[in-house]
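User: I have a new model open and want to go through it with you. Can we start with the terms and then work along the chain?

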Amino acid sequence: MNAPDFMSLEKLRLADRPLIVCDVDEVVLEYLTPFTAFLRSRDHDLLPRSFRLHGNIVERGTGSVALDAVVDALQEEFFAAQEHWQTPAALAVETLMALGRDADIVFLTAMPPRHAEARRRLLQRIGLTFPMVATEAAKGPVVHALHGGRPLPVAFIDDIHYNHRSVGESVPDALLVRLMANQVFLAMAPDPGERVCCATCWNEADRLIRAHFQGVRRS
Ligand SMILES: [Mg+2]
């Protein structure tokens, strides 16, 4: 597990305006769909049997479940090659560009930091130049370190239930938005809990976030 570099977080200058902390895989970039295509190019496949990768990645031909070490190696290879595979999720780029006029945006991506440069290049190529933090540590403490005790609204967007739980515990006033591009796996996702607002698309996420920012400002 890599600890987040809290010193580098402190260097990240936020303006005196709301903050949006946004996950990348399955939120800004498609992940499961291109990862499945990548697996097929490597004689494997991802079967949508449950909301996890391990146990659902199989060898094509034999259908036998790939060993955990093989799954880890395939994920590592995909992260290294992500620039050739991953594409923006529908409406992600234009919605974030518009939100970025009214709020600070920081990408928080759960990925080994060694692949951060490839991800930055990919995001920049599609026009998203907002700062990015790559860490495999729990997301709640990272969002807390970013936002601190600022009397400003904060929103967190992610597809994974345990990330919402982590941020909800560390930053109790954060708006938690669940958003996920892949509809097949979304249908199998665990219930994220009643604190989490489930958006079906970026338009709905945009409405939830803007309403939260307005409400917090009025109160
Ligand atoms: Mg994600």
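Analyst: Helices here are DSSP runs of H or I with at least four residues, numbered from the N terminus. Note also that this is a predicted model.

User: Fine. Which helix holds Leu-9?

Analyst: Leu-9 sits in helix 1, residues 6-11.

User: Is Leu-9 buried or exposed?

Analyst: Leu-9 counts as buried because its relative accessibility is 4%, and the cut-off for buried is under 20%.

User: What is Leu-9 in contact with, leaving aside its neighbours within four places in sequence?

Analyst: Leu-9 is in contact with Val-133, Val-142, Ala-145 and Leu-146.

User: And how far is Leu-9 from Gln-183?

Analyst: The two are 33 Å apart in space, C-alpha to C-alpha, and 174 residues apart in sequence.

User: Switching to the metal. What coordinates the magnesium ion?

Analyst: Asp-23 and Asp-159 coordinate the magnesium ion through OD, and Asp-25 does so through O, at 2.0 to 2.3 Å. The spacing of these donor residues in sequence is D-x1-D-x133-D.

User: Asp-23 and Asp-25, buried or exposed?

Analyst: Asp-23 counts as buried at 5% relative accessibility. Asp-25 is buried as well, with a relative accessible area of 11%.

User: Which residues have a positive phi although they are not glycines?

Analyst: Glu-26 is one of them, with a phi of about 75°. Glu-26 lies in the loop between strand 1 (19-22) and helix 2. Asp-43 is another, at about 65°, and its place is the loop between helix 2 and strand 2.

User: How do those two sit with respect to the surface, buried or exposed?

Analyst: Glu-26 is buried, with a relative accessible area of 2%, whereas Asp-43 counts as exposed at 55% relative accessibility.

User: Back up to helix 2. Which of its residues are buried?

Analyst: In helix 2, residues 32-41, the buried residues are Leu-32, Pro-34, Phe-35, Thr-36, Phe-38 and Leu-39.

User: What do they pack against?

Analyst: The buried residues of helix 2 pack against strand 2 (44-46), strand 3 (57-59), helix 3 and helix 8 (183-186).

User: How is the chain divided into domains?

Analyst: Domain 1 takes 6-30 + 86-218, and domain 2 takes 32-84. Their C-alpha centres lie 25 Å apart.

User: How many residues are in contact between domain 1 and domain 2?

Analyst: On the domain 1 side 24 residues are in contact with 17 residues of domain 2.

User: Now pockets. How much space is in the largest pocket?

Analyst: The largest pocket holds about 970 Å³ of space. Its lining is made up of 31 residues, and the closest to its centre are Leu-53, Gln-75, Ala-110, Ile-160 and Tyr-162.

User: Which elements give two or more residues to that lining?

Analyst: Helix 3 (68-80) and helix 7 (161-170) do. The largest share, 4 residues, comes from helix 3.

User: What is the lining like by class?

Analyst: The lining of the largest pocket has 15 nonpolar, 11 charged and 5 polar residues.

User: Where does the largest pocket lie with respect to the domains, and why?

Analyst: The largest pocket lies between domain 1 and domain 2, because both give residues to its lining.

Conventions: Residues are numbered from 1 along each chain as its sequence is written. This is a predicted model: local features need pLDDT of at least 70, side-chain atom pairs count only at pLDDT 80 or more; totals for chains, interfaces and linings use all residues. Side-chain values use heavy atoms; hydrogens and water are left out. Donors are N, O and S atoms within 2.8 Å of the metal (3.2 Å for Na, K and Ca); water is not among the atoms, so sites may look incomplete. Buried means under 20% relative accessible area, exposed over 50%, partly exposed in between (1.4 Å probe, protein chains only). On a 1 Å grid over the protein atoms alone, a cavity is a set of points where a 1.4 Å probe fits but cannot get out, and a pocket is an open set with protein on both sides within 12 Å along at least five of seven lines; lining residues have an atom within 4 Å of a point. Grid points are joined across faces, edges and corners, and a volume is the space filled by probe spheres set on the points. Ala, Val, Leu, Ile, Met, Phe, Trp, Tyr, Cys and Pro count as nonpolar, Asp, Glu, Lys and Arg as charged, and the others, Gly among them, as polar. Domain bounds come from an automatic or database domain assignment. Contact means heavy atoms within 4.5 Å.
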